[in-house]
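Take a walk through this assembly, one chain and one contact at a time. Keep the structure in view as you read.

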Amino acid sequence: MKSWLLADSPSSRLQANLGQLYLLLRSFFRSPLAVIGLCIVCLLLLCAAFAPWLATQDPYQQALTQRLLPPSADHWFGTDHLGRDIWSRVIHGSRTTLLIIVMVAAIVGPLGLAIGIVAGYAGGWVDRVLMRITDIFLAFPRLVLALAFTAVLRPSVESAIIAIAVTSWPAYARLARAETLMYRSSDFIQAIELQGASPLRVLVGHITPLCLSSVIVRLTLDMAGVILIAAGLGFLGLGAPPPQAEWGAMIADGRNYLLDSWWVATIPGLAICIVSLGFNILGDGMRDVLDPKSR
Amino acid sequence: MHKPLLSLRNLNVTFEGPRGPVHAIRDVSWSMGAEKVGIVGESGSGKTISSRAILGLLPASAQVAADQMEFDGVDLRTLTGSQWREVRGRRISMVMQDPRYSLNPVMTVGAQIMEAYQTHHRASRQEARARSFEMLEAVRIKDPERVFGAYPHEISGGMGQRVMIAMMLIPEPRLLIADEPTSALDVTVQNKILEVIDDMVSRHRMGLIFISHDLDLVSTFCDRILIMYRGRIVEECRADRLHAAEHPYTRGLLACAPRLGERRERLAVLDRQEAWER
Amino acid sequence: MNNTDTMVDVANLDVRYGAFHAVQDVSFRVGRGESFGLVGESGSGKSTVLRAMMGLAPGDAARMEIGGVSIAHSRDKAFCRRVQMVFQDPYGSIHPRHPVDRILAEPLGIHKIPDAENRILRTLKDVGLGPAFRFRFPHQLSGGQRQRVAIARALITEPEVLLLDEPTSALDVSVQSEILNLLDGLRRERGLSYVMVSHNLAVVAHMCSRLAVMNRGRIVEEMTREDLNAGKAGEPYTRELIAASKGYRPVKAAA
């Protein structure tokens, strides 16, 4: 199998592409740190997928006689101020976190990429108009925008996602535009234009593959930041409304009990830290592998 | 013969490659005095790596081993960092291919030449400035005042190379390594730059290592030629005896280049032999 | 040379970039199956002439025709099929992320040329690369191999005219001779017309039966290969260029 993937002269596009993928993966797995990042992210995915089975108790079940219990055999992470099991809430909170990350990535990645490559390739007034629109969105402060959304709609995960996405996509547009400008006048793009390729073909088939690795790396690294922002919004009460388990909101809840019952705020805080770090390391690892300069 | 200026015996350089060690320079031995030696080779021949090895400028991961690597009485194999700084730039200098990349773009030409001087000589600003002007005139720059105050992007390629030569020769080294010094220049400018190098080298009785891919150019400019192929020296001959070269690689290189005045239907093609690598 | 056999006809071409006059009043003709050289140093405008012909530079000409069809104002898909270009830098002229197969299939897809499979294999063979190279990526190819792929891409739509922008300047001398032989052979077999730009007089003398010497945007002199090889040049600039191409000649130092 390995020799098939590493064959000097592949006999099909599938074999060639899989071979390249194999080399990338092999390069990726050489870095222990990158693997750790990947493990953390996988852990998040598993927690979110198997939350109902991993949680030992109902995350919404209040038990006012069991408030603020320290970590023990019954409650692995203790209980919060309403007697809810923190372990279960953390596990279920991973679903919210994952939802926010995936939705933000799914919106900002393609949107930013599309706008950026069109602006970079077209140039002229199209570029100017698109970049001014990008600037407008870049100027919005996230929290203020989130506040505005929640003032209009009720606080919810959706409004948090929209607020984060709307203020994040400009960075990707700029990144994609910068990469496009770099490749715009290169010989191979001119060559395919001289073959009579339409702008759409050039953008989709030729420019996008070149920009894709920077966008993916940037997305991964940004996810770390998005988690923190989502937690921040949750902390301010602008994200998922109670009683939904959300890590940021959990920290807010535990704020008043920090000195005596440190676990209420600290455990979700640690979860945020670890997942954020995991995405950071993963993003670094991916950049080392995908960065064309090191090829 | 006088004691040679530079002596290499069994120089070997190995790099760590993605698929195992790469033996970039194999058993290279040669020596030179105060003469012009040309090293000719194609890409991958190791000509640039050998010059970097002489200057101790290879990356730390490179393994350099030699039975002898001696320059002007100094054993280059055992030099420490500060000892290298004494040798590099001061006693062995290097001029590279493209002045756009080898000159600092944010410093004026004058400032760079003065810096080159003051790095190796304890001198006042006036003295350094005066020396710099002397050097600019020695490399035949007609308006040294303008060039002294100009930035590298404001001067032409040929001018930039003259500046490079001035900078590299101001500390009066014994050996100059010129790595493709004219490859980035127009052909009508090449001759003038080569004249400058020739003049400086003979005036100061320096040794010159001229690295190039252009066999014809080297044969007209240098005294002796070394031809490298895949890390080995395959031929060593006097420049005026090049047409009588014996090694099939050299003959192949000579045969496959098109030349003005010769009309051929098809150009000869090099038939690479495994045997040349051994 | 018969007028009906003129493949490329350029008259009074001017290219301006703002105030900078890159190409001034350039005219030349290339016959069918002929190879025409444009020689000059950097800044002479020779590459700009090619780019103006391809529509990549803002050119203005009294006449610019390929095979009798005017291309002065628009270049449609049919033009792209008939005229192709080979670029100088083999490391930059093919897409770094596409395998050779895709690079060659793309022009066929754009022009909806059928029988892609066979054409790709045949063209690869014609440029001296076997089917083993079909699914390799550019970073797995040497400079010479990449240039062959670039030539294959230019040839796959069966053009009539090839514009060659210093096709071997970035290659080693031993690889250069292979590529030049390949180009020459293809021209003879297929009756292609070449406009070849180079700064290297020896290469142009080998490849082109006629050539024009350019300096600062103008054509200084037009001559034949025989004249060039004999050193018979009318203009002083041409003589200077020929002399400089012959290697180092020390001038007796004048004080």
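Of the 2 pairs of chains that touch, chains B and C share the most contacts. The model is a predicted one. The B–C contact takes 29 residues from chain C and 30 residues from chain B. On the chain C side, four helices each give two or more residues: H6 (173-190), H7 (201-207), H8 (225-230) and H9 (236-244). H6(C) gives the most, with 6 residues. By class, this side of chain C holds 14 nonpolar, 9 polar and 6 charged residues.

Chain C also touches chain A. Here 25 residues of chain C meet 22 residues of chain A. The elements of chain C that give two or more residues to this side are helix H2 (77-82), strand E7 (83-86) and helix H3 (100-110). H3(C) provides the largest share, 4 residues. The side of chain C that touches chain A has 13 nonpolar, 6 polar and 6 charged residues.

What of chains A and B? No contact joins them. Their closest C-alpha atoms lie 10 Å apart.

Now look inside chain C. Six strands form an open sheet there, in the order E7-E8-E9-E3-E10-E11. The pairing is mixed. E7 and E11 (218-224) of chain C are the edge strands, and each pairs on one side only. E7(C) has already appeared above, as one of the elements on the side that touches chain A. From one strand to the next, the twist averages 20 degrees.

Follow one pair of strands in this sheet. Strand E8 (residues 161-165) and strand E9 (residues 193-198) of chain C run parallel, joined by 5 bridges. One residue shows the pairing: Asp165(C) has Val197(C) in E9(C) as its bridge partner. A helix packs on the sheet as well. This is H1 (residues 46-54) of chain C, which touches E3 (35-40), E7, E8, E9 and E10 (210-215) of chain C. The direction of H1(C) makes about 145 degrees with that of E8(C).

Next comes the interior. In soluble globular proteins, nonpolar side chains tend to be buried together. The largest nonpolar core in this model has 161 residues. Which members touch the most others? They are Ala166(B), Leu176(B) and Leu163(C). Helix H7 (residues 157-169) of chain B gives the most to this core, with 8 residues.

Leu176(B) is worth a closer look. Set aside its neighbours within four places in sequence. Leu176(B) is then in contact with Ser93(B), Val95(B), Met168(B), Leu169(B), Val201(B), Met206(B) and Leu208(B). A second, separate core has 64 residues. Among them are Ala160(A), Ala173(A), Val217(A) and Trp247(A).

That brings us to chain A. Chain A has 12 helices and 0 strands. Its C-alpha trace spans about 75 × 50 × 25 Å along the principal axes. The chain is divided into domain 1 (1-30) and domain 2 (39-294). The C-alpha centres of these two domains of chain A lie 31 Å apart. Of the 295 residues in chain A, buried residues make up 40%. Take the contacts in chain A between residues at least 6 apart in sequence: 68% of them join residues at least 24 apart.

Two backbone details close the tour. Most residues other than glycine have a negative phi. Which value does Asp27(B) have? Its phi is positive, about 45 degrees, although Asp27(B) is not a glycine. Asp27(B) lies in strand E2 (residues 20-32) of chain B. Asp27(B) counts as partly exposed, because it has 14 C-beta neighbours inside 10 Å.

Arg216(C) is the other case. Phi of Arg216(C) is also positive, near 50 degrees, and Arg216(C) is a residue other than glycine. Where does Arg216(C) sit? Its place is in the loop between E10 and E11 of chain C. With 15 other C-beta atoms within 10 Å, Arg216(C) is partly exposed. The strands on either side of this loop, E10 and E11 of chain C, both belong to the six-strand sheet described above.

Technical notes:
Residues are numbered from 1 along each chain as its sequence is written. Chains are lettered from A and ligands numbered from 1 in the order in which they are written. This is a predicted model: local features need pLDDT of at least 70, side-chain atom pairs count only at pLDDT 80 or more; totals for chains, interfaces and linings use all residues. Two residues are in contact if their C-beta atoms, placed from the backbone, lie within 7 Å. Ala, Val, Leu, Ile, Met, Phe, Trp, Tyr, Cys and Pro count as nonpolar, Asp, Glu, Lys and Arg as charged, and the others, Gly among them, as polar. A nonpolar core is a set of buried Ala, Val, Leu, Ile, Met, Phe, Trp, Tyr and Cys residues joined through C-beta atoms within 7 Å. A residue is buried if 20 or more other C-beta atoms lie within 10 Å of its own, exposed if 12 or fewer, and partly exposed in between; C-beta atoms are placed from the backbone. Two strands pair if DSSP finds at least two bridges between them. Axes are lines fitted to C-alpha atoms, for helices over the stretch in contact, and angles run from 0 to 180 degrees between N-to-C directions. Domain bounds come from an automatic or database domain assignment.
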